[in-house]
Amino acid sequence: MVIQQPSNQIKLTNVSVVRLRKGGKRFELACYKNKVMEWRSNVETDLDEVLQIHSVFLNVSKGQVASKDDLKKCFKTEEADKVIQEILKKGELQVAEKERSNQLESIWKEIANIVTDNCVNPQTKRPYTVTMIEKAMQDLHLSVNPKRSTKSQALDVIKQLQEKQLLPIQRAQMRLRLTMPQSKEAKKLREKILPLLTSIEDEDAGASEYELIALIDPGKYRTINDLLQSEGKGKGQLEIMNLREKEEGDEKF
């Protein structure tokens with residue numbers, strides 16, 4: 001005997017569901033695991049890589065697909081992609097308690113690692129251990145947010161640690177090498193980037209080439225790079241040598 005399935009029902013297995021309530025109805029998306037967070041952090045931009053099937057559901061587990069009338073009534077549009085993007089952005093990712101606990105623990109450790117990799121004790125110029133950063137995060141009573149990128153949360157941690165002075169901490173200095181042909185443009189560029197540098201380690205104004213090695217705050221890298229492109233007219237080069245100032249005897253990158 002052939003059992004007729006309703007035409008608006010689709011069966012899916014092993015999915016991560018994103019759910020949003022709107023207009024008195026529940027709307028769901030059937031997504032691949034881990035892809036939702038990648039989409040929210042702009043790592044993944046292709047909806048087809050995020051969705052197991054390109055449809056809006058009323059109930060994923062029952063395979064019930066939302067009609068165009070449902071979309072128009074609740075979202076004021078029949079365009080599925082607009083609705084999908086709103087659900088991905090605002091919806092709640094449904095996960096089992098154990099999976100959620102593991103996810104939050106993973107996010108916590110990633111935030112601690114980002115802070116460790118990008119910061120130093122300004123008094124010693126040396127990095128903190130991950131354990132020390134995690135202890136400081138506990139002292140902040142930090143609650144991680146699975147909907148925000150780990151990078152933005154790590155920046156918040158650094159800011160809070162500085163404001164509450166739980167431990168001396170600052171962004172690690174980035175060591176750069178800038179080279180470009182010796183010219184009037186090189187002299188103009190030097191004048192403009194000097195205020196952006198923390199310190200100059202080496203400078204060589206040779207007959208044919210200008211070279212500068214300096215430490216900067218990582219947040220000023222883009223500005224320096226933009227100046228090099230505009231003032232150097234594409235003839236200069238900017239190289240990141242490492243992301244942390246080293247003490248004598250430290251292992252070199």
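A cavity here is a set of grid points where a 1.4 Å probe fits but cannot get out, whereas a pocket is an open set. The structure is a predicted model, so let's take its empty spaces one at a time.

**The enclosed space**

How many cavities of 30 Å³ or more turn up? The count is two. The largest cavity holds about 40 Å³ of space. Its walls are made by L176, L178, I193, L197, L212, A214 and I224. Sorted by type, that lining is seven nonpolar residues, with no polar and no charged ones. Two strands, β8 (174-181) and β10 (209-216), each put at least two residues into the lining of the largest cavity.

**The helix next on the list**

I224 lines the largest cavity, and I224 is also one of the buried residues of helix α9 (residues 221-231), along with L227, L228 and E231. Why do these sit on the same side of α9? Because they cover an arc of only 100° around the axis. The general background is that an α-helix has 3.6 residues a turn, so residues three or four places apart point the same way. As for what covers the buried residues of α9, the list includes β8, α8 (184-193), β10 and β11 (237-242). So β8 and β10 show up again: they also supply lining residues to the largest cavity. Just after α9, K233 takes a positive phi of about 55°.

**The open space**

Now for the largest pocket, with a volume of about 340 Å³. Two elements give two or more residues to its lining, α1 (35-40) and α5 (97-118). Which of the elements gives the most? That's α1, with four residues. The lining has 18 residues in total, and N34, M37, E38, L93 and Q103 lie nearest the centre of the pocket. By type, the pocket lining splits into six nonpolar, six polar and six charged residues.

Here are the two linings by residue type:

| Lining | Nonpolar | Polar | Charged |
|---|---|---|---|
| Largest cavity | seven residues | no residues | no residues |
| Largest pocket | six residues | six residues | six residues |

**Cysteines**

A disulfide is a covalent bond between the sulfur atoms of two cysteines. How many does a search of the whole structure find? Zero. Two cysteines are worth a look while you have the model open. C31 is buried, at a relative accessible area of 0%. C74 counts as buried too, because its relative accessibility is 6% and the cut-off for buried is under 20%.

Technical notes: Residues numbered from 1 in each chain as written. Predicted model: local features only at pLDDT ≥ 70, side-chain atom pairs only at ≥ 80, totals over all residues. Heavy atoms only, no water. 1 Å grid on protein atoms, 1.4 Å probe; cavity = no way out; pocket = protein on both sides within 12 Å on 5 of 7 lines; lining within 4 Å. Points joined across faces, edges and corners; volume = space filled by probe spheres on them. Nonpolar A, V, L, I, M, F, W, Y, C, P; charged D, E, K, R; others polar. Buried < 20%, exposed > 50% of the residue type's maximum accessible area, 1.4 Å probe, protein only. Arc of directions from axis to C-beta. Contact = heavy atoms within 4.5 Å. Disulfide = S-S within 2.5 Å.
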